[in-house]
Every structure is written in C-alpha cells, then in structure tokens.
Amino acid sequence: MWRFCIAMISLSLSAIAQEAPIVLSIKGSIEYASQNNSNIKIAKFEERIAEERKKEVIGRGLPQANINGNFEDKLKVPLLVIPGGFGPA
C-alpha cells in the first residue's frame, strides 16, 4: 500500500515538474543555443578578462603622477616673546 502511495506521489510530482515543450524555428533554435551554451558564456567571460588585462598593460605604459601636498596655516601671526634685557641698551 505504501509503495503504491509513494509511486502515485512521485508520478504526480514528475508530471507537475515537466514544462511545456518550446516550439522554435531553425533561426530561433540557433539563437537559443547561442544564448544558453555554457562554452559560449565562458568564452565571452574570458574575452572580457582579456580586454581588462589589455587595459592593465596599457596603463603600465602611461605616465604616472604622484602628487603630495602640505598645508600650513599662515593666517595666524606667530607670537615671539623677547625678554626685556635683550637688545641694544
């Protein structure tokens, strides 16, 4: 009895999981295959990696600029204290 129930449940689940067939023309099937082929996806990804590596190499050949800066606040007048006995008398 349990085997019959399990068999019926598995058959009903497999029937639900099946998708309707896709009807494609030759042109549509070629387009579908080119979009979903894993080898083509990998090749496109590797092509992008190669382009980025090319940009990286070009960047090494371009001039580099290192810029350093320093800021001092010269608006405040420094106060210098001189003792009274210092200087010409």
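## Lys55 and its partner

At 52% relative accessibility, Lys55 counts as exposed; the cut-offs are under 20% for buried, over 50% for exposed, and partly exposed in between, with a 1.4 Å probe and protein chains only. A word on ground rules: this is a predicted model, where local features need pLDDT of at least 70 and side-chain atom pairs count only at pLDDT 80 or more, while totals for chains, interfaces and linings use all residues. Residues are numbered from 1 along each chain as its sequence is written, and side-chain values use heavy atoms, with hydrogens and water left out.

Lys55 pairs up with Glu52 in a salt bridge, with 3.7 Å between the closest N and O atoms. The term covers a side-chain nitrogen of Lys or Arg within 4 Å of a carboxyl oxygen of Asp or Glu. Both residues sit in helix H3, three residues apart, or about one turn of the helix. Glu52 itself is partly exposed, at 48% relative accessibility.

## Two further salt bridges

The structure has three salt bridges. Another one joins Lys54 and Glu51, at 3.7 Å from N to O. These two are also in helix H3, again three residues apart and so about one turn of the helix. Lys54 is partly exposed at 47% relative accessibility, and Glu51 is partly exposed too, with 38%.

Then there is Arg60 with Glu56, whose side chains meet at 3.1 Å, N to O. Arg60 and Glu56 are four residues apart in helix H3, so about one helical turn separates them. Arg60 counts as exposed, with a relative accessible area of 60%, while Glu56 is partly exposed at 46%. As for the general background, an α-helix has 3.6 residues a turn, so residues three or four places apart point the same way. Side chains of opposite charge can pair when their charged atoms come close.

## Helix H3 and its cap

H3 has 24 residues, and the distance from its first C-alpha to its last is 35 Å, close to the 34 Å expected at 1.5 Å a residue. That expected span is 1.5 Å times one less than the number of residues.

At the N-terminal end of H3, Asn37 acts as a cap, with a side-chain oxygen 3.1 Å from the backbone nitrogen of Asn39.

## The whole chain

The protein chain comes to three helices and zero strands, running α-α-α from the N terminus on. Helices (H or I, at least four residues) and strands (E, at least two) are DSSP runs, numbered from the N terminus. Of the 89 residues, 0% count as buried. The chain exposes about 9,500 Å², and carbon and sulfur atoms supply 63% of that; such areas come from the Shrake-Rupley method with a 1.4 Å probe, and for residues only the protein chains shown count as cover.

How confident is the predictor? Mean pLDDT, a per-residue confidence from 0 to 100, is 80 for the chain, and 74% of its residues reach 70 or more. Among the elements, H1 has the lowest mean at 64, and helix H3 (residues 38-61) has the highest at 92.

## A nonpolar patch

Ile22, Leu24 and Tyr32 make up a nonpolar surface patch, with about 320 Å² of accessible area together. Patch members have over 30% relative accessible area and no salt bridge; like charges are joined within 9 Å, nonpolar side chains (Val, Leu, Ile, Met, Phe, Trp, Tyr) within 5 Å. Ile22 belongs to the loop between helix H1 (2-17) and helix H2 (26-36), and at 60% relative accessibility Ile22 counts as exposed.

How values were computed. pLDDT = per-residue confidence, 0-100. Polar contact = N/O pair within 3.5 Å; in protein donor to acceptor, adjacent residues only side chain to side chain.
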